[in-house]
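Biologist: I am new to reading protein models, and I would love a close look at a single part of this one. Could you take me to the cavity and its lining, and then show me how the rest of the chain is laid out around that starting point?

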Amino acid sequence: MNSTPSVGALLRTWRERRGISQLELAGRADSSSRHISFIETGRSRPSKEMVLRLADHLDVPVRERNTLLLAAGYAPHYAQTPLDDPSMGTLREGLERLLTGYEPYPALVVDAVYDVVAANRGIAMLLDGLPEHLLLPPLNAMRITLHPQGLAPRIRNLGEWRGHLLAQMERQIALSRSEPLRALYEEVSGYPVDTGPQLAEPGAGPGEGAAYIALPLLIEHEGHLLSFVSSIATFNTPMDVTVAELAVETLLPADAATAKFLHSAGL
C-alpha cells in the first residue's frame with residue numbers, strides 16, 4: 001500500500017498552511033478554483049509548470065518544491081549541490097570575500113539547521129575561550145549561543161535574546177516542517193536557563209541614551225559590554241536547494257562604544 005501523499009494532498013496542505021482559499025490561489029496562479037479543486041482531489045494531474053507556479057504562489061521552500069514534483073511524477077527541478085563541490089567555488093569565494101569585508105564586525109553563514117559553513121574573525125573573537133566540545137564541527141550557531149557552557153552565560157539579556165531565537169526557529173519550522181530543525185529546537189529549548197545578572201531595564205545597553213532600532217544582543221567580552229543588532233540576508237530566486245537554505249548573518253554594532261572596541265581589536 002502506497003502511503004506517499006499525492007501531489008494534490010501536498011498542495012492542499014501547503015494552501016491550508018498559508019490560509020489561502022482555492023479561489024484566491026486560482027486567481028494568483030491564473031487558473032480556476034475548479035481546476036485547483038480537481039488537482040487537490042486527484043481528478044486532474046497538474047503539469048510540471050503548474051506545480052512550480054502553485055508552489056511559487058504558496059511560498060513553498062525550494063527543497064519541498066522538489067518533493068511536490070516527485071509526487072506529481074516529475075523529476076526534481078532544483079539541484080542540491082554540496083557546498084564543497086567544485087562548481088560552487090565561485091559562491092564560496094564570494095561568501096568569504098563578503099565575510100572578510102564585514103570585519104571587524106562579526107558575520108557568519110549558516111545552513112537550514114544553523115550549522116556554520118563560514119565565519120569571519122569577528123565571530124572567532126566572540127567564541128574565544130569556549131569549551132572545545134562546542135567548537136567541534138559541525139559548529140551550530142543556535143547550540144553554541146544557547147548552551148549553558150556556550151555564549152549564554154555571557155549574554156546580558158539572555159531572556160530576551162533566547163526568546164527571540166526560539167521564536168525565529170518556531171516560524172521557520174512552521175514554514176518548512178523540517179524535522180532536523182524541529183529536533184534542534186527541542187534540544188536548545190530544553191537547555192537549563194540561568195539568566196544571571198541581567199540589565200536593569202530590558203533593551204538597555206552600554207552608553208547613555210542608546211536608541212536601538214532592533215532588539216540588541218548584549219554580550220560581555222573581555223570586560224567590555226558589547227551591543228549588536230542582527231541582520232540576516234538570503235539569496236534571491238535561488239535555483240539550488242543548498243543555496244536556497246543559506247543565510248548570511250551580520251552582527252552590526254548598536255552603539256559607538258562597541259564600534260570603537262571592534263575597530264581597536266586588531267581583527
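Modeller: Happy to help; we will begin with the cavity and then visit some other places along the chain.

Before we go in, please keep in mind that this is a predicted model. The protein has 267 residues, and 42% of them are buried. Its fold is built from 13 helices and five strands. If you follow the C-alpha trace along its principal axes, the spans are about 65 × 45 × 35 Å.

Now to the part you asked for. How many cavities of 30 Å³ or more does a search of the whole structure find? The search finds one. The volume of the largest cavity is about 40 Å³. Seven names make up the lining, and you can pick them out in the picture: Leu11, Leu25, Ile36, Ile39, Glu40, Leu54 and Leu58. Sorted by character, six of these lining residues are nonpolar, one is charged, and none is polar. Which helix gives the most to this lining? That is helix H3, covering residues 33–41, with three residues.

Let us stay with this early stretch of the chain a little longer. Two arginines here have an aromatic partner. The charged end of Arg17 sits over the ring of Trp14, at 4.3 Å from the ring's centre. In a similar way, Arg43 lies over the face of Phe38, and here the distance to the ring centre is 4.1 Å. Rings pairing with rings are another matter, as the structure holds zero aromatic pairs.

The loop that leads into H3 is also worth a stop. Asp30 belongs to the loop between helix H2 (22–28) and H3. Its phi is near 55°, which is positive although Asp30 is not a glycine. That deserves a second glance, because most residues other than glycine have a negative phi. Is Asp30 buried or exposed? With a relative accessible area of 69%, Asp30 is exposed, because the cut-off for that word is over 50%.

A second residue with a positive phi makes a nice contrast. Tyr114, in the loop between S1 and strand S2 (116–119), has a phi near 65° and is likewise not a glycine. Tyr114 has a relative accessible area of 7%, so Tyr114 counts as buried, the cut-off being under 20%.

Just before strand S1 there is a loop with several features together. Glu103 is found there, between helix H6 (89–102) and strand S1 (107–110). Glu103 is a charged residue, and its relative accessible area of 19% puts it among the buried ones. What does the side chain of Glu103 contact? It makes a polar contact of 3.0 Å with the side chain of Arg121. Glu103 is also joined to Pro104 by a cis peptide bond, with omega of about 15°. Pro104 lies in the loop between H6 and S1 as well.

A cis bond turns up again further along, from Pro137 to Pro138, with omega near -5°. Pro138 has its place in the loop between helix H8 (132–135) and H9. Leu139 is found in the loop between H8 and H9 too, and at 18% relative accessibility Leu139 is buried. From Leu139 to Ser227 there are 88 residues in sequence, while their C-alpha atoms are 23 Å apart in space.

On the other side of helix H9 (141–146), the loop that runs to helix H10 (158–176) holds Arg156. Arg156 is buried, with a relative accessible area of 18%. The side chains of Arg156 and Glu220 are joined by a polar contact of 3.1 Å.

Our last stop is inside helix H10, where Met169 lies. Met169 is buried, at 0% relative accessibility. Between the C-alpha atoms of Met169 and Leu184 there are 9.1 Å, and the two residues are 15 apart along the chain.

To gather up the part you asked about: the largest cavity, of about 40 Å³, has a lining of six nonpolar residues and one charged residue, and helix H3 gives the most to it. Try finding H3 in the picture, and then look for Ile36, Ile39 and Glu40 among the lining residues.

Terms used:
Residues numbered from 1 in each chain as written. Predicted model: local features only at pLDDT ≥ 70, side-chain atom pairs only at ≥ 80, totals over all residues. Heavy atoms only, no water. Phe/Tyr/Trp six-rings, centres within 6.5 Å; stacked < 30°, edge-to-face > 60°. Lys NZ or Arg CZ within 6 Å of the ring centre and 35° of its normal. 1 Å grid on protein atoms, 1.4 Å probe; cavity = no way out; pocket = protein on both sides within 12 Å on 5 of 7 lines; lining within 4 Å. Points joined across faces, edges and corners; volume = space filled by probe spheres on them. Helix = DSSP H or I, 4+ residues; strand = E, 2+ residues; numbered from the N terminus. Buried < 20%, exposed > 50% of the residue type's maximum accessible area, 1.4 Å probe, protein only. Polar contact = N/O pair within 3.5 Å; in protein donor to acceptor, adjacent residues only side chain to side chain.
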